[in-house]
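Reader: I'm new to this one and would love a close look at how the helices pack, against each other and against the sheet. Could you go slowly and explain the jargon as you use it?

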Amino acid sequence: MSIDRLDADLLDLLHAEPRVGVLEASRRLGVARGTAAARLSRLERTGVIAGLAPTLDAAAMGFPVTAFATLEIAQGQGHGAVVEHLAAIPEVLEAHTITGAGDVLIRVVARTHADLQRVINQIVDGTHVLRSATSIALETPIPLRHQQLVRIAAD
């Protein structure tokens with residue numbers, strides 16, 4: 001999927017003002033409404049725009065503790081059972097299979113440090129996940145971001 005200057009401008013606008021409508025976006029970008037709509041549709045269809053859901057803040061919902069855990073999983077069972085196990089734990093926000101030390105890297109949240117212990121105990125069940133190494137995030141100076149990639153992709 002190639003992104004051109006108009007795509008980049010549209011993505012920048014949607015990032016800055018997620019609630020802007022297609023008509024207003026077309027006005028601001030100086031293109032026809034149909035052009036803006038077609039570009040938006042293509043960006044959604046090709047997966048560049050992965051969703052239109054609001055960005056949620058776990059801390060604002062009562063989960064201020066964020067941690068990352070590297071998991072060692074039981075071998076010979078595949079990743080399916082582990083993914084199913086982790087997906088059933090609401091505090092597990094994301095999981096990635098990785099190379100290097102460990103098999104899976106997860107991001108989890110908790111209400112307190114004691115609650116984090118409960119979450120980790122639930123994750124390490126001895127059947128699917130054998131052991132974990134956890135690091136607590138102290139602050140997030142660079143939150144998850146993608147917008148800086150738009151200009152690189154458009155060049």
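Author: First, contact here means heavy atoms within 4.5 Å. Helices (H or I, at least four residues) and strands (E, at least two) are DSSP runs, numbered from the N terminus. What you see is a predicted model, where local features need pLDDT of at least 70, side-chain atom pairs need 80 or more, and totals for chains, interfaces and linings use all residues. Residues count from 1 along each chain, and side-chain values use heavy atoms, without hydrogens or water.

Let's start with the sheet and the helix on it. Helix α5, residues 113-123, lies across β1, β2, β3 and β4, and α5 runs at about 140° to β3. (Axes are lines fitted to C-alpha atoms, for helices over the stretch in contact; angles run from 0 to 180 degrees between N-to-C directions.) The sheet below α5's contacts is easy to trace: four strands in the order β2-β3-β1-β4, open, with antiparallel pairing. To pair, two strands need at least two bridges by DSSP. β2 and β4 (129-136) sit at the edges, each pairing on one side only, and from one strand to the next the twist averages 25°.

Zoom in on the pairs. β2 (residues 92-97) runs antiparallel to β3 over five bridges, with H96 standing opposite L105 in β3. These two strands make a hairpin with six residues in between, and G100, in the turn, has a positive phi of about 90°. At the other end of the sheet, β1 (residues 65-73) and β4 share seven bridges, again antiparallel; there A67 has I136 in β4 as its bridge partner.

Now for the helices that pack on one another. Helix α1 (residues 5-16) and α2 have axes that come within 11 Å and cross at roughly 125°, so α1 and α2 are oblique to each other. (Under 35 degrees is roughly parallel, over 145 roughly antiparallel, 65 to 115 roughly perpendicular, and the rest oblique.) From α1 come L6, D9, L10 and L13, and from α2 come A25, R28 and L29. Sorted by class, that contact has five nonpolar, no polar and two charged residues. (Ala, Val, Leu, Ile, Met, Phe, Trp, Tyr, Cys and Pro are nonpolar, Asp, Glu, Lys and Arg charged, the others, Gly among them, polar.)

Next, follow α2 (residues 22-29) to α3 (residues 33-45): their axes are 8 Å apart and the angle is about 110°, so this pair is roughly perpendicular. V22, L23 and S26 of α2 meet R33, A36, A37 and L40 of α3. That group splits into five nonpolar, one polar and one charged.

And α1 reaches α3 too: the axes come within 11 Å, crossing at roughly 85°, which makes α1 roughly perpendicular to α3. On α1 the contact uses L6, D7, L10, L11 and L14; on α3, T35, A36, R39, L40, R42 and L43. Count the classes and you get seven nonpolar, one polar and three charged. Look back at the lists and you'll spot L6 and L10 of α1 in the contact with α2 and again in the one with α3.

How confident is the predictor? pLDDT is its confidence per residue, from 0 to 100; the protein averages 94, and 100% of the residues score at least 70. Among the elements, helix α6 (residues 147-154) has the lowest mean, 91, and β3 (residues 104-110) the highest, 98.

Definitions and conventions: pLDDT = per-residue confidence, 0-100.
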